[in-house]
Amino acid sequence: MRSLHSFLASTAALGLAALLSQPAFAQEIDLTQGEGDGEEIIVTGSRIASPAVTSVAPVQILDSEAISNSGAVNVQELLLENPAFGTPGLSRTNSAFLTSGAGVATVDLRDLGSDRTLVLIDGRRVVAGLPGSATVDLNVIPTPFIKRVDVLTGGSSSLYGSDAVAGVVNFIYKDDFEGLEINAQSGITEQGDDERYQLNGTWGGNFADDRGNVMVHLGYSKEQGVFSRQRRNTSLDDVDKFFFVTGDPADYSTPVEGALSGFAPQGRFQTENGDFTFDSNNNLIDWTSSGVNGFNRQFYRTIAVPVERYLFATRGHYELTDSVRFFAEGTYANTRASRMIEPFALASDDIFPASGGLVPLETVVGGVTMVNPYVPQEIVDSATDLDGDGLRDYTFARRLSDLSTRNGSSNRDLYRFVVGLDGEVFNDFKWDVSYNYGRTTEAQTSNGQVNVLNFANALRAIEDINDLDQDGNITEVICADATARAQGCVPINLFGFNTITPEAAAYVRAEQTLQTRITQQQVQANLSGELFQLPAGPLGVAIGAEYRRETSQENNDALTNAGLNAGNAIPDTAGSFDVKELYGEVNIPILADTPGFHSLNLRAAGRVSDYSTVGTIYTYNVGGDWEPLEGVRFRGTYARSVRAPNIGELFTGPSQTFPSGISDPCEGITAAGGGDLGDRCRAAPGVMDNINANGSFLVTQLDKQGVSGFNSGNPHLAEEKSTSWTVGAVFAPRHLDGFLRRLQLSVDYFNIGVDDAIVAPPRNFILQQCYNEGVAEFCDLIDRRAGATPVNSSGSLEFVDAPLVNGGKLKVSGIDAVLNWSAPIGAFDGDNLGLRVAYTHLVKGYLTPVPGAAKDAFAGEIGTATDRFTANAVYSVDNVSWSLTGTYIGRSLEDDQIYDPGDPIDTIKIPAEFYLDTQVRVRASDKFEIFFGIDNVLDNDAPNILSGSSFNSTGTDTAADVYDVFGRRYYTGVRLTF
């Protein structure tokens, strides 16, 4: 591995002494006059092309200078510095343990979910990066193409369609780039890991006497990743409890304090009369719960997955006539990510679920009962017949280190093409017509699971009585089943360290594959401009029509479909929908240039959408802004928005799960009494037989462990409905002299509510609604065993299904404040100091999972701290600039669902964090710039999060999607322009 010292040495040799002006930072800029005086532009938050139109909803802007000089490899890193964004659903640091989505980069406004944040490019949709969803993978955005990023708060479905519930992130691309720009950058952490490289070039030029322009971008980036074992604080399971640190994943000679995983490579074997394991010399011993018999999973886990990206993008336009222009753009993005986690932890009930994990150590062959020769005699002697089939049984739990670690790789390809025409008509109107096609495909492979059917055959081992040596001794062990032998069965020995032969490992190993394909087609036509003049200004209007069709499909391998790789059964999913839409918007100037009313405008928009899935839905918004005097503006909006169910929510088939913590309401019910609850329980199949046998309805531990169920989509889902409103003020007195002329301050209150949120109801809630409340729809989701089985009691719960329903409610409210100030300070001729602060205070945030359930507050918890801000100071003089950026995450609390409210606050709070970054940039000439930056200058460690916390990203021992897990890191690079 390349060391920090070699990295810095090479940096010095290159003579790279500096970088980077302002970092990625959310700011608000005045777009009242567009890009230049009188130029007609379309601002995010309105579809009307007019120099007089501003957004009445809060819009924060990330400009091109901040983007190009941030040092970020992925645009996601820039956006997450804005406190308006919540914890990302997917990133490099929280996707290693997922079965899909490794390395995907998403954004989530207001922590309402990535599917409720609409991502656009130039006001047009982008094909999703995850099958069945609307979530866009930001890996596909070519950063040097970006002119600015508009971040709009609040519901905007009337303008942009479904999914714009929390807001909109609109990437505005450059349009007339000329020249050649080459960027090269490398970085590394102070620990010498997570090396990062990026190299990209962007070329653009005019042609045909400047009637046309073409841009081309080629980019490559690579982030190497970090393993948990590479960092001291994540090198062991439950690191907060450990005092002994070892680099060996299975150090059995030196006990450690605390609890390692109980699934050890030598195995644990239980019979009715014994509990066994093996020492490091493979001697059979009694099991004891100690570090000696544990396994350190962290040795194989990942803090950040490695990601490699290739990007090609092009766009161009050509003026066919003075009033008609042809435009086109294309993007190809290839993203490759890999992951590794610890070897599979296999329990015998994964192989024999019907018997509760009982493994017969004997097999009847030709009327003769034969003992598995791999089973140690002491285990054989202690075993009994536990299921009444006449054969002695045992159970086991074993880490399959002899097979391999669990590895996975993902290869995603995105293709996106846009073609269209735009122009002017009727003198004052802009029009455009476009076709947008996008396709995302993914090929994922992974290993480390087992073929359950083959494993079951391999466990039924016997001595081959037909294979004797010269002394008459049996020399070979074979699979008992002749058919399995003919199909290549190899017997397996689980008893002790490294006892599984390569041949047996190959026989039981199961490779997994996942193939996905997502397509999106969008046709849209827009017309906007100024209809006529009113006394206070022009009446602005916009109308448009859109058609969109989306498809998605996921194809798993056959073993995964059937749940025969020691995991839950996962169905293939395929579906599609289309939608036809019409929208309109109007801006009405009421007053202007009168006392107390420098300007007063009203805004309204509406959209009607006809979905092939949920039918016709309507959305609207109204708003206005009032400028009592120049430089002081008040604004507000009220919006009704929607999110139509996505393909995964509608069409995902039943996927089996084995939930824990299920509480049967019928437990303890007797033959009489109990009111309505008792009557409903006794009417269920098998319950009365249980009561008659036991005096009351008895639930055993095996019954509780035997509850299964299916999660699924629901083709009858309706749309989510959102109501949001914002009110705020902007103070930007540019007409004044002195300090205030250079100040811009905006303060906005936002309030977003989502009704009929698509959720899976908790299974205990389903049981309560059925048996306590008598709701038939919930009773239809419950199946009980009509009779007793060898393992489970009569009447016990067998299935409790949880399909998605429109039953949840989300609410979030808060205050955003954005301040910008810039002025020369006179220390040197031509110097300038710029200050920027973005602050968010959460007032309220909660989820109600189903009607009647208690509110689950999330405001103030990890990832949604009550207070967050990012502050930036940039000092520049001549060709040198230096910046400091501070990011504050306020004190946070653990999830209130997992701790006792009576616990001392110190046991559940996470202290506030403050991260400091610094950057220096030197422009040596008009064509050459060098830069150097340090992130996390203070080298803050991420706070330790309890292993049982829902916020703990597996492998990191922290909320890795919230806090910095890399520590201090350095980057440097060059920028060439021609």
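## A tour of the disulfides, a helix and some ring pairs

Select Cys479 and Cys489 to begin: a disulfide joins the two, S to S 2.0 Å. Keep in mind as you go that this is a predicted model. Look along the S-S bond and you'll find a torsion of -80°, a left-handed link. Now colour by secondary structure. Cys479 sits in strand β24 (residues 477-479), while Cys489 is in the loop between α8 (482-486) and α9 (502-508), so the pair links distant parts of the chain, 10 residues apart. Switch on a surface and Cys479 turns out to be buried, at a relative accessible area of 1%. Cys489 is buried too, at 10%.

How many disulfides does a search of the whole structure find? There are 3, so two stops of this kind remain.

Next, pick Cys666 and Cys681, whose sulfur atoms are 2.0 Å apart in a disulfide. Cys666 belongs to the loop between β31 (655-657) and α12 (675-682), and Cys681 to helix α12 itself; 15 residues separate these distant parts of the chain. The S-S torsion here is about -90°, so this disulfide is left-handed. Both cysteines, Cys666 and Cys681, are buried.

Then jump to Cys770 and Cys779, a disulfide with its sulfur atoms 2.1 Å apart. Is this link left-handed or right-handed? With 105° about the S-S bond, the link of Cys770 and Cys779 is right-handed. Check the surface again: Cys770 is buried at 3% relative accessible area, whereas Cys779 counts as partly exposed at 27%. Numbered in sequence order, the bonded cysteines of the chain pair up as 1-2, 3-4, 5-6.

Time for a helix. Select residues 452-459, which is α7, and you'll see that the helix is mostly covered, with 6 of its 8 residues buried. Which ones are buried? They are Val452, Asn454, Phe455, Ala456, Ala458 and Leu459. Add Asn451 to the selection to see the N-terminal cap of α7: a side-chain oxygen of Asn451 lies 3.1 Å from the backbone nitrogen of Leu453.

Now show the aromatic side chains. The structure holds 18 aromatic pairs. Start with Phe710 and Phe799, where the ring centres are 5.7 Å apart and the planes meet at 35°, so the pair is tilted. Phe710 is in strand β32 (residues 709-712) and Phe799 in strand β36 (residues 797-800), so this contact ties together parts that are 89 residues apart in sequence. Phe710 is partly exposed at 25% relative accessible area, and Phe799 is also partly exposed, at 22%.

Move on to Phe932 and Tyr970. Here the centres are 6.4 Å apart and the planes at 25°, so the pair is stacked. Phe932 lies in strand β46 (residues 928-935) and Tyr970 in strand β47 (residues 969-977), distant parts of the chain 38 residues apart. Tyr970 is buried, with a relative accessible area of 12%.

For a bigger group, select Phe269, Phe278, Tyr394 and Phe495, which form one aromatic cluster.

Finish with two charges over rings. Arg229 lies over the face of Phe227, at 4.6 Å from the ring centre. Then swing over to Lys855, which lies over the face of Tyr846 at 4.4 Å from the ring centre.

Methods:
Residues numbered from 1 in each chain as written. Predicted model: local features only at pLDDT ≥ 70, side-chain atom pairs only at ≥ 80, totals over all residues. Heavy atoms only, no water. Disulfide = S-S within 2.5 Å. Helix = DSSP H or I, 4+ residues; strand = E, 2+ residues; numbered from the N terminus. Buried < 20%, exposed > 50% of the residue type's maximum accessible area, 1.4 Å probe, protein only. Polar contact = N/O pair within 3.5 Å; in protein donor to acceptor, adjacent residues only side chain to side chain. Phe/Tyr/Trp six-rings, centres within 6.5 Å; stacked < 30°, edge-to-face > 60°. Lys NZ or Arg CZ within 6 Å of the ring centre and 35° of its normal.
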